[in-house]
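Biologist: I have the sequence and the model open side by side, and I would love a close look at one part of it. Could you walk me through a single strand and its surroundings?

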Amino acid sequence: MKQTLTQSMAWLHTWGGLVFGWLLFAIFLTGTLAVFDKELDLWMRPEVPAQKVEQSQALQRALEYLQAKHPQAERWNISLPSERSPTLGVSAGNQRRGGGELLNPQTGEPLAVRETAGGGFFFRFHFTLNMPRTLGIWLVGLAAMAMLVALVSGIVIHKKIFKEFFTFRPGKGQRSWLDGHNASAVLLLPFHLMITYTGLVIFLLIYMPAAVDALYGDREAFGRALRGAPVEQQAGRGGEQGARHERAERPRAAPAPLAALGPLLAEAEQQMGPLAGLSIDHPGRSDARIEVRPILGNRIELTKGRSMLFDGVNGAVLRAPAESRPSQLTQRVMAGLHFAQFGGYPMRWLYFLCGLVSSAMIASGLVLFCVKRRRKYASEAPAARRVSHLIEALNLAAVAGLSLACIGLLWANRLLPVELAQRAAWEVNAFFAVWLLSLLHALWRPTLRGWGEQLGLSALLCMALPLLSLLTLPEPWAQPLHQALELTSLALGMALAGLAWRVYRRQEAAPPLPRRGAVMQEAL
Amino acid sequence: MAIIAPAWWPVVCRILAAIVGGYAFTYACTAALARVLPLPAADAVWVASLPAFALYTLAMLWAFAARSLWRAWWGVALALPLGLLGFWPLLMERLA
């Protein structure tokens, strides 16, 4: 490998970009969709009524329900309706999320809502690839590092970075793909770098525990040191173990009425901003504790775990919301920049569009790899040609196939019978089945034809999404949110259709790619 | 043709140097940085850890840019003294 710096960086960019590009496209596309995870979630649960209900009113319904159904529970969890999700969720016991029930926030009746993988699927896939959590997180971390390496090596090999900033030569084959790849990469370079680095920073101490290992020995010791562990905090939110221990030793506390929650929530909202929910430990007893959580996105800082603790009987503040020390705040702000919970819908759209450009940049790089190689097809040995064909097929399945699988998940949500057991799992199965089929299709069809067909089908499914709702829902297009999502799908479908049309025209215009037989003859 | 059919051994060697060697270097460097920063421990952890991915990126690029295979492994060679610097109090404890 005796080469110049540019040559070695070009090699690294080309091959590293190819191998991790497939994975990175999947991570970026699902991440882009996950920007609207709650919105997708609501679309996938069409039974949830869209109604604006005051949080205090919804809370009252939740308390009545829990009092009637779980009066003896150790803990009640309530997630309140907020701007992005008009649902009221309740559960009893220790789990904070999942396993609970959705209530109609107006009437307090349980809602019969279809079981679905929901928008959360894209979110989880984005950082775990639907694998066991630890394995997935490390794989995605490795891919993110490859992204950083590809970005920096891309800058090194891209000599005329500012001149080509303004260069685009459409309709010229390889040249256009290179221009497109360069333009989308350079134009949004700050976004690509920011989103990749901040993504890694979310799991900073998992990926790089060196400093914690050196100074504290292990993560738990560090966690204890960070919290400072005042006594009340331990009792309030500390591990379940502590609480269980306490319970076993002490007799059950005497009954006592719950404090009025209205003023309590008002105070929490004043200190932390709009609220997401609360949990009540030991409801109806003298040792009741109320923990109130804000929604993410009241500030840029990622505030997971931030809360206020109140005495559940007299309403006194037991713990004010913790403020991060500046060093940790830096990490949390970086994580928050990735999560994009701040800034409301304009910010979400900005992240969504930037994410689409990032995905397109990765996809154009993958295509460019193949377009460059295609010209050498004729001169390649049969073994190398088979590799080329495999790479072409994987490219097609990774880019067009994944898009097809994503829109396929939404179709599965509408088409699978509502009463199906394990319905959420079947939706996910449908997602992977579509993806697998697209790979088989890609291996079978000639490249350009395969692209045209898969892009065309994705376009069709995206554009027909409003129609699907019309056919499968009793009240289609009733909710503004559903309309917005389906219109967005329509627009994306039109863009995909444009792409498919271009591929189709190219296929008509271009001389057919040399077939295997032709190459054999030439070789002979 | 060099791009299409690389001789396998040097390439594998560099990939390992980049991913494994680069990580070892970054790990040791972060530990050493956390140890020498004149900050309270709770701050030093974040300040030393946050630049880790930039460091790792550079280490990976180095493994591929280095002129010879031996140079590609320099990061690992550096990891040993840096690691000692980062972990010496723990090591002394273990040995004592």
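Which residue is the bridge partner of Glu291(A) in β6(A)?

Modeller: Happy to! Please keep in mind that this is a predicted model. The partner of Glu291(A) is Leu309(A), which sits in β6(A). That bridge belongs to the pairing of β5(A) with strand β6 (residues 308-311) of chain A, which is antiparallel and has 4 bridges. β5(A) also pairs with strand β4 (residues 275-281) of chain A, again in the antiparallel sense, here over 6 bridges. In that pairing, Arg293(A) of β5(A) has Gly277(A) opposite.

Now for the surroundings of the strand. β5 of chain A spans residues 289-294, and 6 of its 6 residues are buried. Neither face is left open: Arg289(A), Glu291(A) and Arg293(A) are buried on one side, and Ile290(A), Val292(A) and Pro294(A) are buried on the other. Glu291(A), the residue you asked about, therefore counts as buried, with 20 or more other C-beta atoms within 10 Å of its own.

For the wider setting, here is the rest of chain A. The unreviewed UniProt entry places the feature "transmembrane region" at several stretches, including residues 185-208 and 392-412 of chain A. In the model, residues 185-208 of chain A are 88% helix and 0% strand, while residues 392-412 of chain A are 100% helix and 0% strand. Chain A also meets chain B: 34 residues of chain A are in contact with 30 residues of chain B. Elements giving two or more residues to that side of chain A include α1 (5-34), α5 (133-157) and α14 (326-339). The residues on that side comprise 24 nonpolar, 8 polar and 2 charged.

Notes
Residues are numbered from 1 along each chain as its sequence is written. Chains are lettered from A and ligands numbered from 1 in the order in which they are written. This is a predicted model: local features need pLDDT of at least 70, side-chain atom pairs count only at pLDDT 80 or more; totals for chains, interfaces and linings use all residues. Two residues are in contact if their C-beta atoms, placed from the backbone, lie within 7 Å. Ala, Val, Leu, Ile, Met, Phe, Trp, Tyr, Cys and Pro count as nonpolar, Asp, Glu, Lys and Arg as charged, and the others, Gly among them, as polar. A residue is buried if 20 or more other C-beta atoms lie within 10 Å of its own, exposed if 12 or fewer, and partly exposed in between; C-beta atoms are placed from the backbone. Two strands pair if DSSP finds at least two bridges between them. UniProt positions are given in the numbering used here, feature names are shortened, and annotations may be inferred rather than shown by experiment.
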